[in-house]
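Reader: Could you walk me through one part of this model up close? I'd like to hear what is tucked away there and what does the covering.

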Amino acid sequence: MLKLAVLSLLNGISVAALYFIVASGFTVTFGLMRTINLAYGSLFLIGGYVGYQVGDLTRNWYLAMIAGSAIAGLSGAVLQWGVLDRLRGQDMRQALVTIGLSIVAADVLLAVFGGLTYQFTPPDWMQATVSLGVFGGYPAFRLLLIALSLFIGVVIWAGLTCTRVGLAIRAGVDDREMLSAIGVNPSRLFVIVATCGSALAGLAGVIGGTALSISPGEDSRYLLASLVVTIVGGMGSIAGAAVGALLVGLLEQVGLLYFPNYSIVAVYLVMVGVLALRPQGLVRGTA
């Protein structure tokens, strides 16, 4: 029983790592830039499907990861420049337009790729099993996923708090006119940020399709996960996104072991509790 509990704990941390990679970009665009992009889950799905096609043609997982990230990033840039920036400050319109676009994208992807479930095959060295002693073995890829999420988190945090670009992003949210006055183009800056955030969604699509699978409906799942992680962790807080992702991942996976019928319910009960007791989220801050 102890072995099963430890493996469930590791599964929860690895799922949390995937949720963090998806939610980190969403945290920056929604929580920090105050841009409501409810088509974010579609970027995850686009990255996953495109990555799978490239990987299937080239038999190269690394190219699949690059292609998925690039296409999702480009799609996010077009969406930010062509739609969201033109609706700046109009939250309801942004929400309605991006919901409509996500529905269209889901139908187009279903028509192109069908209703099948796809799974990536990582390089051989990633398919190894790491020995955990008395607890048995654990997939090396999931451990690498945890390490990658930590690396991405540190890079984003450092970029937002320790660089001039990060300061400009945070300043542009509150006072675009002043940012323009010092020679920075806020629209162009926000397009770059949206591109990076969308590329993370595409990257997560390939990684999620490797650790789990990619199929129709995953866009809604990861959009909801990103919303919950951002709300629970705190708007615009990378540390908060990490805490929220860890909480959600552990509740899902450990809940499947101890209360399988209510594990998802527990996640949303936690979100309701956080909104009631600490509306700003568990971690307060802009980075």
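Author: Here is a look at one helix, one residue in it, and then the core. Keep in mind that this is a predicted model.

Let's start with helix H4, which runs over residues 91–113 and so counts 23 residues by the DSSP assignment. From its first C-alpha to its last it reaches 32 Å, close to the 33 Å expected at 1.5 Å a residue. Right after H4 comes Gly114, with a positive phi of about 75 degrees.

Which residues of H4 are buried? They are Gln94, Ala95, Thr98, Ser102, Ala105, Leu109 and Phe113. As background, an α-helix has 3.6 residues a turn, so residues three or four places apart point the same way. The cover over the buried residues of H4 includes helix H2 (40–58) and helix H3 (61–84).

Now zoom in on Ser102, which sits in H4. Its relative accessible area is 14%, and because the cut-off for buried is under 20%, Ser102 counts as buried. Leaving out residues up to four places away in sequence, Ser102 touches Leu38, Ala39 and Ser42.

On to the largest nonpolar core, which has 64 residues. Those touching the most other members are Tyr19, Val28, Tyr40, Leu145, Ile156, Leu160 and Ile207. Helix H1 (residues 2–32) gives the most to this core, with 12 residues. Take Leu145: setting aside neighbours within four places in sequence, Leu145 is in contact with Ser14, Ala17, Leu18, Ile21, Ile207 and Ala211.

Methods: Residues numbered from 1 in each chain as written. Predicted model: local features only at pLDDT ≥ 70, side-chain atom pairs only at ≥ 80, totals over all residues. Heavy atoms only, no water. Helix = DSSP H or I, 4+ residues; strand = E, 2+ residues; numbered from the N terminus. Expected span 1.5 Å × (residues − 1). Buried < 20%, exposed > 50% of the residue type's maximum accessible area, 1.4 Å probe, protein only. Contact = heavy atoms within 4.5 Å. Core = buried A, V, L, I, M, F, W, Y, C linked by side-chain atoms within 4.5 Å.
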